[in-house]
Amino acid sequence: MARYYDLHPDNPQPRVIRQVVDLLRADGVIAYPTDSCYALGCRIGNRDGVERIREIRRLDDRHPFTLMCADFAQLGQFVKLSNAVFRQVKSVIPGSYTFLLPATAEVPRRLQDPRRRVVGARVPRHTVTQALLAELGEPLLTSTLLLPGEDEPMTQGWEIKERLDHLVDAVVDAGDCGLEPTTVVDLSGPEPEILRRGAGDPSRFE
């Protein structure tokens, strides 16, 4: 059964944050809130966790994951940024954007797009997500909590606990965090390409 953690959305309890991060370091998989939908997450090096997330969402090997990063400095360790892209990304983070960018050697090949060697990356605004990332000290490998055959992600922690009780190790509930996913922008080519219009203002990249 999954552990259930009820956290204050603005002032998350440090003791509980440490408990969740201990579970992540023990190669657990969690459901947790972000500034655009709940998500599934595990450590980058957790191979079994990656496969568990794929099974929950029924994703094939080509589906990209996102690196949830604490800040711009951490982002720069895992993706390559030209001067122009640096300025574009810096102007909108933290926020509800996911960027496709060329991966550095820090990103395992199995987590990159096999054809283009790119990876999704973002810096969230959500207080609980930021607290988890600060305690963990590394990005969370993440995928939106959208179950097979459903059009909208789940928004209630108690419902996630009921439906995924034997599939994840913990559910972090910090209240409703919305339905709208991130805006996805491919910045790996010569011009920005908006792949999905979501919570982040896409006009900055048009």
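**Salt bridges and a cavity in a predicted model**

User: What is the volume of the largest cavity?

Analyst: This is a predicted model, in which local features need pLDDT of at least 70, side-chain atom pairs count only at pLDDT 80 or more, and totals for chains, interfaces and linings use all residues. Residues are numbered from 1 along each chain as its sequence is written, and side-chain values use heavy atoms, with hydrogens and water left out. A cavity is a set of points, on a 1 Å grid over the protein atoms alone, where a 1.4 Å probe fits but cannot get out, and its volume is the space filled by probe spheres set on the points, which are joined across faces, edges and corners. The largest cavity has a volume of about 40 Å³.

User: How many of the residues that line the largest cavity are charged?

Analyst: The lining, meaning residues with an atom within 4 Å of a point, includes Arg-54, Asp-61, Arg-62, Arg-110 and Asp-113. Asp, Glu, Lys and Arg count as charged, Ala, Val, Leu, Ile, Met, Phe, Trp, Tyr, Cys and Pro as nonpolar, and the others, Gly among them, as polar. The lining therefore divides into three nonpolar, two polar and, as asked, five charged.

User: Is Arg-54, a residue of that lining, buried or partly exposed?

Analyst: Arg-54 forms a salt bridge (a side-chain nitrogen of Lys or Arg within 4 Å of a carboxyl oxygen of Asp or Glu) with Glu-51, at 3.7 Å from N to O. Both residues lie in helix H2 (residues 47–57), three residues apart, about one turn of the helix, where helices (H or I, at least four residues) and strands (E, at least two) are DSSP runs numbered from the N terminus. Buried means under 20% relative accessible area, exposed over 50%, and partly exposed in between, with a 1.4 Å probe and protein chains only. Glu-51 at 39% is partly exposed, whereas Arg-54, because its relative accessibility is 7%, counts as buried.

User: Which residue meets Arg-122 in a salt bridge?

Analyst: The side chain of Arg-122 pairs with that of Asp-35 at 2.2 Å, N to O. Arg-122 is in strand E6 (residues 118–122), and its partner, 87 residues apart, is in the loop between strands E2 (30–33) and E3 (38–43). Both are buried, and the partner asked for is Asp-35.

User: Which residues are joined into one network by salt bridges that share partners?

Analyst: Glu-138 forms a salt bridge with Arg-43, with the closest N and O atoms 3.3 Å apart. Glu-138 is partly exposed at 22%, and Arg-43 is partly exposed at 22%. Salt bridges that share partners join into one network Asp-27, Arg-43 and Glu-138.

Terms used
1 Å grid on protein atoms, 1.4 Å probe; cavity = no way out; pocket = protein on both sides within 12 Å on 5 of 7 lines; lining within 4 Å.
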